[in-house]
Amino acid sequence: MVNVVRATLSDVNEEDTAAVYQRAYDSKEFHELRRRLATFVIPISVAFLLWYAVYVLLATYAHEFMSQKLFGNINVALVMGLGQFVTTFAITWAYVRFANNTIDPMATDLREHIEGELKAGEAGK
């Protein structure tokens, strides 16, 4: 009998929790968070993939261009290859800055709201 009561209370708690998360998912704040994240991540990802594809295609099909010496033994391929690393670090820096200033505060507010609802639900029992 005790196990049946615990299972029932657990089910109610899970249903309440699911309802809280569903409300959070449906909220305009959550959709704004996702929109802001997407407006940063998607264009940056597309731009980087295009930049990488250009590098690979040039390395594959434009040997003469890529082997042109710029100064000393430094050629176009080396500069573009190192540019890939520089771009990766720049994107990482930009994303961390964007997340810290834009995404994290919004996510923190949303998390605190969800936790508050969950605690209020527990206190009401």
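Reader: Which side chains meet in a salt bridge at 3.4 Å, N to O?
Author: Those of R111 and E115. A salt bridge here is a side-chain nitrogen of Lys or Arg within 4 Å of a carboxyl oxygen of Asp or Glu. Before we go on, this is a predicted model: local features need pLDDT of at least 70, side-chain atom pairs count only at pLDDT 80 or more, and totals for chains, interfaces and linings use all residues. Residues are numbered from 1 along each chain as its sequence is written, and side-chain values use heavy atoms, with hydrogens and water left out.

Reader: Ok, where do R111 and E115 lie?
Author: Both are in helix 4, four residues apart, which is about one turn of the helix. Helices (H or I, at least four residues) and strands (E, at least two) are DSSP runs, numbered from the N terminus.

Reader: Is R111 buried or exposed?
Author: In between: R111 is partly exposed, with a relative accessible area of 42%. E115 also counts as partly exposed, at 34%. The cut-offs are under 20% relative accessible area for buried and over 50% for exposed, with partly exposed in between (1.4 Å probe, protein chains only).

Reader: How many salt bridges by that rule?
Author: Four. One of them joins E117 and R23, whose closest N and O atoms are 2.5 Å apart. E117 lies in helix 4 (residues 76-123) and R23 in helix 1 (residues 2-26), so this pair ties together parts that are 94 residues apart in sequence. E117 is partly exposed at 23% relative accessibility, and R23 is partly exposed at 45%.

Reader: And what about E32, which residues are linked with it in a network?
Author: R35 and R36; the three are linked by salt bridges. For E32 and R36 the N to O distance is 2.8 Å. Both sit in helix 2 (residues 28-61), four residues apart. E32 has 24% relative accessibility and R36 has 33%, and each counts as partly exposed.

Reader: Switching to rings. How many aromatic pairs does the structure hold?
Author: Three. Among them, F40 and Y95 are tilted, 5.9 Å centre to centre with 45° between the planes. F40 lies in helix 2 and Y95 in helix 4, so that pair ties together parts 55 residues apart in sequence. The rule: rings of Phe, Tyr and Trp (its six-membered ring) pair if their centres lie within 6.5 Å; planes under 30 degrees apart count as stacked, over 60 as edge-to-face and the rest as tilted.

Reader: What's the geometry for F40 and F98?
Author: Stacked, at 4.5 Å centre to centre and 10° between the planes. This pair links distant parts of the chain, with F40 in helix 2 and F98 in helix 4, 58 residues apart. Both F40 and F98 are buried, while Y95 is partly exposed at 33%. F40, Y95 and F98 form one aromatic cluster.

Reader: Now Y25, what does it touch?
Author: F30, H31 and R34, not counting residues up to four places away in sequence; contact means heavy atoms within 4.5 Å. Y25 is in helix 1 and is partly exposed, at 42% relative accessibility.

Reader: Last one, the overall fold. What pattern does the chain follow?
Author: Along the sequence, α-α-α-β-β-α, which comes to four helices and two strands. Of the 125 residues of the chain, 16% count as buried. Among contacts between residues at least 6 apart in sequence, 67% join residues at least 24 apart.
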